[in-house]
Amino acid sequence: SSGINAEYGGTMGDSSTALPFLPGYTFGDPTKSSYHRSQTLSYKNGFSIPRTQGAEGLTVAEIDELAKTQPSLTYGQAKPEPPQDFVPAHVAFDKKVLLFNAYFKQTLNESDKEYYRVRPVKIYYYLEDDSISVVEPIVENSGIPQGKLIKRQRLPKNDQGEHWQWKDLNVGTNVVFYGKTFHINSCNNYTKEFMSSEGIMLNPDEECPPDPYTLSRTEPQHSYVTPPTFDKLKQFIQLDRQVLRFHAVWDDRNNMFGTMRPYTLHYYRVDDTIEIREQRQPNDGHDPFPVLIGRRKIPKSRGSIPSNFPSAVMEISEHEIQDWLHEKDLRVGETVVIMDRPFFLYDCDDFTRSYYEQVYGARFHPIPIELGERKCEVKKEIPPYNGFGSPQDSKQNCLALIAQPPKKDVMKMLENDLKILRYAVVMESPQPENKNRRFIISYSLAKDEMQIYEPHQRNAGIIEGKFLEYSQIRKPGTSVDNPEYYTPADFAIGATIEVFSRKFKIVDCDLYVLKYLEANASKFPAATIESIRAIHSDK
């Protein structure tokens, strides 16, 4: 036994082995000739250093590869991990926009008061397609064309074909778009969070430099004594867009074919001008001239104009007339003569009523005015269906002068898109060649239309194809003006439907029809659902 023990490496003396010490149950290297145990420690400078066995002949690359190799508990090649779902960029970054605040300096060579002008802009970077748009906020009464300076597009970075990316944008840097330099001074919080998540640290925000011309206007002006006359510039700033509105009527019944014609009188406080506009009514018989008197200053009396004044070629100015019509002369319940036409003011709007009450202490009340007999409105009646096209098309042609397609329920089409209910039907006909004909009815839930298709039948002698295109089928016995169409509630197993004088009997349907009806049981009769459930329970 000692010889066998020496031959098989002494495995007989090891009590922890799982295999018995018998020939054929042990494994060894037949080419092995050296059985001594190598040293695991080596000495260097008087210190013991552990020695790695078998590492002397390996290169650095092989050692790194062994360190990265992960052991597997399965035999053979490891199963690859399932690939992750691919999410395109236009879905992952949809509606995600980076906002940078920037400015550029516009050089002014024609002005002696300013050399440049600071114009702030907003740079929008769309992560969806790496496009950029530059928009300048609109300042009212600035006199500068503002708004969208650069439309949304991918901007070239250099002549090598590269484009600007979000990694190239940072606070405190300059970017050049089509030869114009923009300096980025700040960004919003979402941009900071996105850049931080991508490992880019943004520079601290900077203040936008003030515009020299704007600073010059905010400087304190020299004090001076205001003249007693009203300042026109102050009047324009304070009274702009303040309009007094009166409802007036011109009684022209003294002349032949004259009537009571309503007008609207606008008094602009900013420059004391008056405009009179006509209140048109449909089918009143008058020409469509909305403005009777354009916006201008109206004199109280035109008789004081000198007779030698060339009114045909020159306009009346303050040199000829000193007394103009003012807001004090306009009162509800009084008549104002304008261009030799008497206008009776019978009402005003709420702003005019509150203004006169606060400034002049006058309270205006509307005065009832009879403008004559009003024509009775003609009731619009839709003519009956003529049989051409669908009833919806015929009705839509009566609602508009230019024919337009009927409006569709977009939400219903989106919710029920590609949802088709299919039924198997058999034609009921006294003719023997039509008794065995089978059809498939496809009902579209998005359009509420049905299609009939005849599949191929061997030795039937009938060509397969569409028997009826998608259309709404009216139930027999219903009127054309108020039709009732077939719906899935009428398609019970064993029910008979009539399509253009041809009768079809429903004999089967898809399992999806049963699932859809059970999911929307409140919209369909219980008898229809039970008939479909009974035929599927037998399968």
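Modeller: Contact means heavy atoms within 4.5 Å. Helices (H or I, at least four residues) and strands (E, at least two) are DSSP runs, numbered from the N terminus. This is a predicted model, in which local features need pLDDT of at least 70 and side-chain atom pairs count only at pLDDT 80 or more, while totals for chains, interfaces and linings use all residues. Residues are numbered from 1 along each chain as its sequence is written, and side-chain values use heavy atoms, with hydrogens and water left out.

Biologist: On which side or sides of helix 10 do its buried residues lie?

Modeller: Buried means under 20% relative accessible area, exposed over 50%, and partly exposed in between (1.4 Å probe, protein chains only). Val-513, Leu-514, Tyr-516 and Leu-517 of helix 10 are buried. Because they cover an arc (that of the directions from the helix axis to the C-beta atoms) of only 165°, they lie on the same side of helix 10.

Biologist: Which residues are exposed on the other side of helix 10, and which elements are included in the cover of its buried residues?

Modeller: On the other side, Lys-515 and Ala-519 are exposed. The buried residues are covered by elements including strand 15 (420-428), strand 20 (502-509) and helix 11.

Biologist: At roughly what angle do the axes of helix 10 and helix 11 cross?

Modeller: Two packed helices are described by the angle between their axes and the distance between the axes. Axes are lines fitted to C-alpha atoms, for helices over the stretch in contact, and angles run from 0 to 180 degrees between N-to-C directions. The axes of helix 10 (residues 511-519) and helix 11 (residues 526-537) come within 10 Å and cross at roughly 140°.

Biologist: Which residues of helix 11 make this contact?

Modeller: From helix 10, Leu-511, Val-513, Leu-514, Leu-517 and Glu-518 take part. Their partners in helix 11 are Thr-528, Ile-529, Ile-532, Arg-533 and His-536.

Biologist: How many residues does the largest nonpolar core have?

Modeller: A nonpolar core is a set of buried Ala, Val, Leu, Ile, Met, Phe, Trp, Tyr and Cys residues joined through side-chain atoms within 4.5 Å. Those with the most contacts inside the largest core are Tyr-423, Met-450, Ile-452, Phe-491, Ile-497 and Phe-504. Elements that each supply at least two of its residues include helix 10 and helix 11. The number of residues in this core is 26.

Biologist: Which word describes Leu-292: buried, partly exposed or exposed?

Modeller: Leu-292 is in strand 12 (residues 291-296). Because its relative accessible area is 32%, Leu-292 is partly exposed.
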